[in-house]
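These are my notebook entries on a single chain, written while I went through its strands, its cores and its aromatic rings in turn. I begin with the strand pairings.

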Amino acid sequence: MSNSPYGAKSWVSYLKDRPLPVRNSVLRRLQRKLCDASVPLQDLKKVIKSDPVLCLHMVRKASELHDKVDSKVTSIDHAINSLGLDHIESVAKTITPLKLNPSSVAQKMYFRYIAVSHHAASQAQSWLLRKKTLFAEETYLASLFYGVGHWLLWQHAALHMSEIQIKIREENTDVVLAETDILGCTVQEISRGLIESWGISELAVTSLEHETSPNKKTLAQLHQRALGDPRLSAEVLRDINHLVQEKFFPVKLSNWIALTTSFGWESTKSMKIIDIINDFLNAEIAETINNLHITCAQSSRIYHVPGTLALAAEMLLLPSPNSINYRISSKEAALLCNAMPATAQQTAAKPKSPQPRENDTTPAKNKSEFLDKATYDQIAERFLKGYTAYSQPKHILRGLMQGLSKGLGFNRVAILLVNHRAHSLKTAITYGFDDGHPIHAFKYDLEVPSLFKKLREKPGCIWIKPSNKEQLLHRLPETYHDWGNPNGFLLMSVFCDKTPLAIIHADYDMAGPEITEFHYELFKHLCSTATSRLKIIKK
């Protein structure tokens, strides 16, 4: 297959009706039980609940039946009891069996992420039982299916998932940014779309909404609360307390710990989440860690695929730079390409970035200090002292564009506007870019962790240059990597009082020289004076 889905809606449409296979041994065990006409339902429950994918098939069928009478499935037991022997048998006949191929990375990762989901559900259930609160079984169901997007993607888009793992593990790219680069959305968005389309768990849908997901600041505050930090204000503490009491919170928390520890129990991020869990349980940290380990071991006993490394076994290993095999070999990739969409790299579908023209191969000379010093000085002075024609933000941005291009001499300038309602960034005005350049259609989700999100949160200027490209480029969307001059480009946010208005991109075309300290300082100065003028006109 060549055409790859891109974006949440496209992936949900592609995946929602595709088969999810069950381990051959588990399916055969269920079928043998069903051959006995007197088999107790309790025996069937034990087999079904041992495999999360089998649970998903049963819950989907039960949800279809419940929809007809306007009711909802609230637990795995509820789903199995609702189906009865005849429906369970009919579902079992439709399921595709899968026998593990030990040499297949895609299959092993498919089973691994099912195990991660089972681990998450087991943790959530154990916490609520310990706290003696309601909804333990409903929470188990929601936690179990929270990561269903991972299951389907490793089964039907393994090439994409392998690339995401490479970005996360080798290039140290943020998980959300890596997923967005490759899939056009997060796996969380895909999981939410799938569960909503199947109608299997309202709690899971709520838990997967990005609106209910704490941002970096809120996560830091959750950790502060866990440590009893006295710097938290009463208002912030009240908001955090409200979040912790939400019904969806243990669903999210269990999947955070299960997904994070799958990269290592000893990481700083894992330890911070353990602190938050300890605070949620109101327990002693040693007891909490011990119970987390016990639950992980119990989960691995219930759901383990021979030939794969159990999560509990990884937990016992000493910290090491070695990791699981997540790279799909060229031989396996060649086989998978016939059954699933190829990635952008394999289809060469990604838009090619403009390359320096052949007649531009001469060594780049340093830019003169100004293209037109008088123009630059005039615009800077108008920003500082005021100018009657600069009465609206759009006037300031156009003046800034003129000062950077006509005055300072940047060959290419782009103004990317911040849309606060959509939490997105979109190209509004450009100068010097070719008509067919992809930047004209650029749009980006500012909820995705990146340098753009950082610039939206507070004023700042980022200078991408040859000496820091390796450290900084992976924090920008992949589509943006080759758009700027290989010798460097500048990004700076412009604010209107305390509200981000735009992010400014400037460079010297694809064949231009490296940006000098002089131009960096003057770029920063002009953008800063624009921010000052915007603050004044808002008043």
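**Entry 1: strand 8 and its partners.** I looked up strand 7 (489-496) and strand 8 (499-507), and found that they run antiparallel and are joined by seven bridges. I note at the outset that the model is predicted. Within this pairing, Leu490 stands opposite Ala506 of strand 8. The two strands form a hairpin with two residues between them, and Asp497 takes a positive phi near 65° there.

I then turned to strand 3 (residues 412-419), which is joined to strand 8 by six bridges and runs antiparallel to it. Two of the opposed residues I wrote down are Leu417, which faces Ala502 in strand 8, and Arg412, which stands opposite Asp507 in strand 8.

**Entry 2: the rest of the sheet.** Strand 3 is also joined to strand 4, in the antiparallel sense, by seven bridges, and Leu416 stands opposite Thr427 of strand 4. These two strands make a hairpin with four residues between them, in whose turn His423 has a positive phi of about 55°. Strand 4 (residues 424-431) goes on to pair with strand 5 over three bridges, again antiparallel, and there Lys426 has Lys443 of strand 5 as its bridge partner.

Taken together, the pairings give an open sheet of six strands in the order 5-4-3-8-7-6, with antiparallel pairing. Strand 5 (443-445) and strand 6 are the edge strands, each of them pairing on one side only. The twist from one strand to the next averages 20°. I also looked for a helix against the sheet and found that helix 25 lies across strand 6, strand 7 and strand 8, running at about 15° to strand 7.

**Entry 3: is strand 8 enclosed or open?** I asked how many of the nine residues of strand 8 are buried. The count is eight of the nine, so strand 8 is largely enclosed by the rest of the structure. For strand 3, six of the eight residues are buried, so it too is largely enclosed.

As a single case I took Ile503, whose place is in strand 8. With a relative accessibility of 1%, Ile503 falls under the 20% limit and therefore counts as buried. Neighbours within four places in sequence aside, Ile503 is in contact with Ala414, Ile415, Leu416, Leu425, Phe452, Leu455, Leu491, Met492 and Ser493. I also checked Ile503 against Ile396, which is 107 residues away in sequence and 13 Å away in space, C-alpha to C-alpha.

**Entry 4: the nonpolar cores.** The largest nonpolar core has 109 residues, and the members that touch the most others are Phe145 and Trp151. Helix 6 (residues 105-131) supplies the largest share of this core, with 13 residues. Beyond residues up to four places away in sequence, Trp151 touches Leu20, Pro52, Val53, Leu56, Tyr110, Tyr113, Ile114, Ser117, Leu144 and Phe145. There is also a second, separate core of 35 residues, which includes Ile396, Leu408, Val413 and Tyr520.

**Entry 5: aromatic rings.** I counted 20 aromatic pairs. Which geometry do Tyr387 and Tyr390 adopt? Their ring centres are 5.1 Å apart and their planes stand at 80°, so the pair is edge-to-face. Tyr387 is partly exposed, with a relative accessible area of 34%, whereas Tyr390 is buried at 9%.

Trp463 and Tyr520 also form a pair, but a stacked one, with 4.8 Å centre to centre and 20° between the planes. This pair links distant parts of the chain, since Trp463 belongs to strand 6 (residues 461-464) and Tyr520 to helix 25 (residues 517-538), 57 residues apart. Both Trp463 and Tyr520 are buried. In addition, I recorded one aromatic cluster made up of Phe442, Tyr444, Phe452, Tyr480 and Phe489.

**Entry 6: charges over rings.** Finally I looked for charged side chains over ring faces. Arg382 lies over the face of Tyr387, at 3.8 Å from the ring centre, and Lys247 lies over the face of Phe135, at 4.1 Å from the ring centre.

Methods. Residues are numbered from 1 along each chain as its sequence is written. This is a predicted model: local features need pLDDT of at least 70, side-chain atom pairs count only at pLDDT 80 or more; totals for chains, interfaces and linings use all residues. Side-chain values use heavy atoms; hydrogens and water are left out. A nonpolar core is a set of buried Ala, Val, Leu, Ile, Met, Phe, Trp, Tyr and Cys residues joined through side-chain atoms within 4.5 Å. Buried means under 20% relative accessible area, exposed over 50%, partly exposed in between (1.4 Å probe, protein chains only). Contact means heavy atoms within 4.5 Å. Rings of Phe, Tyr and Trp (its six-membered ring) pair if their centres lie within 6.5 Å; planes under 30 degrees apart count as stacked, over 60 as edge-to-face and the rest as tilted. A charge sits over a ring if NZ of Lys or CZ of Arg is within 6 Å of the ring centre and within 35 degrees of the ring normal. Two strands pair if DSSP finds at least two bridges between them. Axes are lines fitted to C-alpha atoms, for helices over the stretch in contact, and angles run from 0 to 180 degrees between N-to-C directions.
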